[in-house]
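Dear colleague,

Please find below the structure I agreed to pass on to you. My findings follow it.

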Amino acid sequence: MQDPVKRARSPLRPLPNLIFASRWLQLPLYLGLIVAQGVYVVHFLVELLHLVEAAFGSSAALEKLITSIGYKTTVPITTLNETVIMLVVLALIDVVMISNLLIMVIVGGYETFVSRMNLEGHRDQPEWLSHVNASVLKVKLAMSIIGISSIHLLKTFINADNYTEKVLIAQTVIHIAFLLSAMAIAYTDRLMSDTGRVNGHGKPH
């Protein structure tokens, strides 16, 4: 009988080999996300620069910040106030969280669906990458989306005067929908894991 190890290492037939190699078609997608990450870094630095300039009294930078965050008031804003600072900081946090989401998708997705990165033993290996799989990645992405949605909702509530009641209710409902979806994904993943353990090792005592 053929050794299972040798059978596993035998070359793939042409068609299976082509199908398996098609996973590399995802590489341009991940490279594109890296470019998007770079755009977010530039946006973050520009907003941070405007915040610092506005703190030192630049009216042009303050105007750009107010336009960027969509803050409106009946009284003209001539100096940087707490509300504007809070909205700008939340916008910066939003960029960071989206950037974290991009890293999770790029690194986790490449490791899961394209090729191993062989980071075992590397001092900078992310803790979550050591046990990442498609299910874990889905749960982590869902939690990241909830975090981003929370920041957006907080920004909306702080700037509530510029939004209609319909928009406030809609954003709250959407956030709750994200939360319920994440809970459903985590619960489904737990059920599948429990089923796998039962099928693989017998019914637990």
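The notes below begin with the overall fold and then turn to two places in it.

Please bear in mind that this is a predicted model. The protein contains seven helices and zero strands, so that its pattern along the sequence reads α-α-α-α-α-α-α. Of its 205 residues, 25% are buried. The exposed surface amounts to about 14,300 Å², of which carbon and sulfur atoms supply 66%. Where contacts link residues at least 6 apart in sequence, 63% of them join residues at least 24 apart.

The first place concerns Ser149, which lies in helix H6, spanning residues 134–158. Ser149 has a relative accessible area of 10% and therefore counts as buried, the cut-off being under 20%. Leaving aside residues up to four places away in sequence, Ser149 touches His175 and Phe178. With His175, the side chain of Ser149 also forms a polar contact of 2.8 Å.

The second place is a salt bridge, and the structure holds one. Side chains of opposite charge can pair when their charged atoms come close. Here the side chains of Arg116 and Glu111 meet, with an N to O distance of 3.1 Å. How accessible is each partner, Arg116 and Glu111? Arg116 is exposed, because its relative accessible area of 58% is over the 50% cut-off. Glu111, by contrast, is buried, at 8% relative accessibility.

With kind regards

Methods
Residues are numbered from 1 along each chain as its sequence is written. This is a predicted model: local features need pLDDT of at least 70, side-chain atom pairs count only at pLDDT 80 or more; totals for chains, interfaces and linings use all residues. Side-chain values use heavy atoms; hydrogens and water are left out. Helices (H or I, at least four residues) and strands (E, at least two) are DSSP runs, numbered from the N terminus. Buried means under 20% relative accessible area, exposed over 50%, partly exposed in between (1.4 Å probe, protein chains only). A polar contact is a pair of N or O atoms within 3.5 Å; within protein, one must be able to donate a hydrogen and the other to accept it, and residues adjacent in sequence count only if both atoms are side-chain atoms. Contact means heavy atoms within 4.5 Å. A salt bridge is a side-chain nitrogen of Lys or Arg within 4 Å of a carboxyl oxygen of Asp or Glu. Accessible areas come from the Shrake-Rupley method with a 1.4 Å probe; for residues, only the protein chains shown count as cover.
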